[in-house]
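Student: I'm new to this one. Could you take me through a single chain, up close, and tell me what it touches?

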Amino acid sequence: MQVENKTFKPTIVAFCCNWCSYAGADLAGSARLSYPAEVKIIRIPCSCRLNPMFILKAFQRGADGVILCGCHPGDCHYTTGNYYARRRMTTLFSMLNYLGIEKERTRVEWVSAAEGAKFSAVMNDFVATITALGENKKLEDLRCKK
Amino acid sequence: MQEIMKQAKLKAEELLTKGVVNRVIGWTEGDFSYDCSPATFTLDNLDKFVYTEFCGANLSKYLIEESKKEGKILVFLKPCDTYSFNQLIQEHRIKRENIYVVGIECRGKVDIDKLRAFGIDGVLGCKTEGDKLICDTIYGEKTVDKVDVMLEKCLSCKGKKHVVYDELIGEEVVEEPKDRFGMVAQLEAMTEDERYKFWQNELSKCIRCNACRNVCPACSCVHCVFDNPDSNIASKANTDRFEEKLYHIIRAWHVAGRCTDCGECSRVCPQGIPLHLINRKFIKDMNEFYGEYQAGEDTETKAPLNSYTFGDREPHEFDTKEGK
């Protein structure tokens, strides 16, 4: 039998705010700063659009890590969205950790439209963390496995 | 308790005869004396009304539908139920003007399963005397320490003060609120893997009967997310361990900041899952992160997730003592 020698490549879902980090990702691209191909970006209108269900669903469908990128507190396009998002994510991450999910699997970063370099750095760092952490086993859905 | 029940019945009769209210919501016995469930009464069937050691059910949620009907309704609320009542008023779920609230004395309710675990079967009735519970059974009289057989939610009572009422029956025993977060702190002290095992063990018992959702006074949405066929987990048994986690995380999340910690979810769970521990984690977190808040204490204060301050802690700082 042939043993497949595969290195683990994580699937990362990045929820990016339309007004900042999504443009930040664009900037990273036009500045030719690379970020790993494992990162799948989903555009949302504001960081506070992120329903906690989205995060769980992402894990269900095979994500190994979920990151939310939004505008820096104080810079929200809708004035206060990211303040609410911050409270929600703090309590939600705390809950996930309480149920035994590794705290490194979820992250929030504030990335503005001008911070292409930060976007690239954050994504590289996050992918490295998840790769070290390994596959998401605790919140997996076996039916969704390939 | 007999005395309180007599007073409550008289009060109901008086208000019904005077025409202040046209119906009453209270508790009635089923086939067995420990089988108490909520019921509505008029003068015709008021003799079926009971208030015993087994009336643990919270009547607030039934008012959502009842208060929409014609005429005023009389409701008996125990101290912890009044918190749910306030919360429902704050959320505009019930019409206060259609409800006459009578606060009723409570000294902790009894869990029949715990009584059975003590080998007490064939219970005909119970009464409290001091710290003891005297059970009248078909095998004769038996006595246990009440604290051993109380409902889980009563062991961490928020205090015996009614936060809203039109009238009171019985006395308001002044009592220090008991520590609610002991078990949560114990779990927090475990490692991630231990916690995961603990919850895997507990949540895998879930049969998705939806009793916790149906009884929860905070779960008052007309269209529940779990009834949505697109949610993949609508009204069916869990087929995968992911589903039970999704269900309980999201349910706890949806009541976060609105949960008054009435403990009904754990009381009705046929599998005995300690669901209150999930809700209490949210309560404990929000108390620590955003200042003390008790949902339902009044109808004005904004819930922590409905407000913000500029200096809130960052999401990755949830497990540090001080935050930023």
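Tutor: Sure, let's look at chain B, starting with two of its domains: the centres of domain 1 and domain 3 of chain B, taken over C-alpha atoms, are 27 Å apart. A quick word on the source: this is a predicted model, where local features need pLDDT of at least 70, side-chain atom pairs count only at pLDDT 80 or more, and totals for chains, interfaces and linings use all residues. Residues are numbered from 1 along each chain as its sequence is written, and chains are lettered from A in the order in which they are written.

Chain B splits into domain 1 (2-109 + 159-169), domain 2 (110-150) and domain 3 (182-317), with bounds from an automatic or database domain assignment. Where domain 1 meets domain 3, 16 residues of domain 1 and 13 of domain 3 take part; residues are in contact if their C-beta atoms, placed from the backbone, lie within 7 Å. Helix H3 (residues 79-90) of chain B gives the largest share of the domain 1 side, nine residues. Helices here are DSSP runs (H or I, at least four residues), numbered from the N terminus.

Now for the other chain. Chain B and chain A each bring 32 residues to their contact. On the chain B side, the elements giving two or more residues are helices H7 (182-189), H8 (192-203), H10 (241-254) and H12 (276-290). H10(B) gives the most, with seven residues.

Two of those helices also meet each other: H7(B) touches H12(B) through B:Met183, B:Val184 and B:Leu187, and H12(B) answers with B:Leu277, B:Arg280, B:Lys281 and B:Lys284.

Methods
Two residues are in contact if their C-beta atoms, placed from the backbone, lie within 7 Å.
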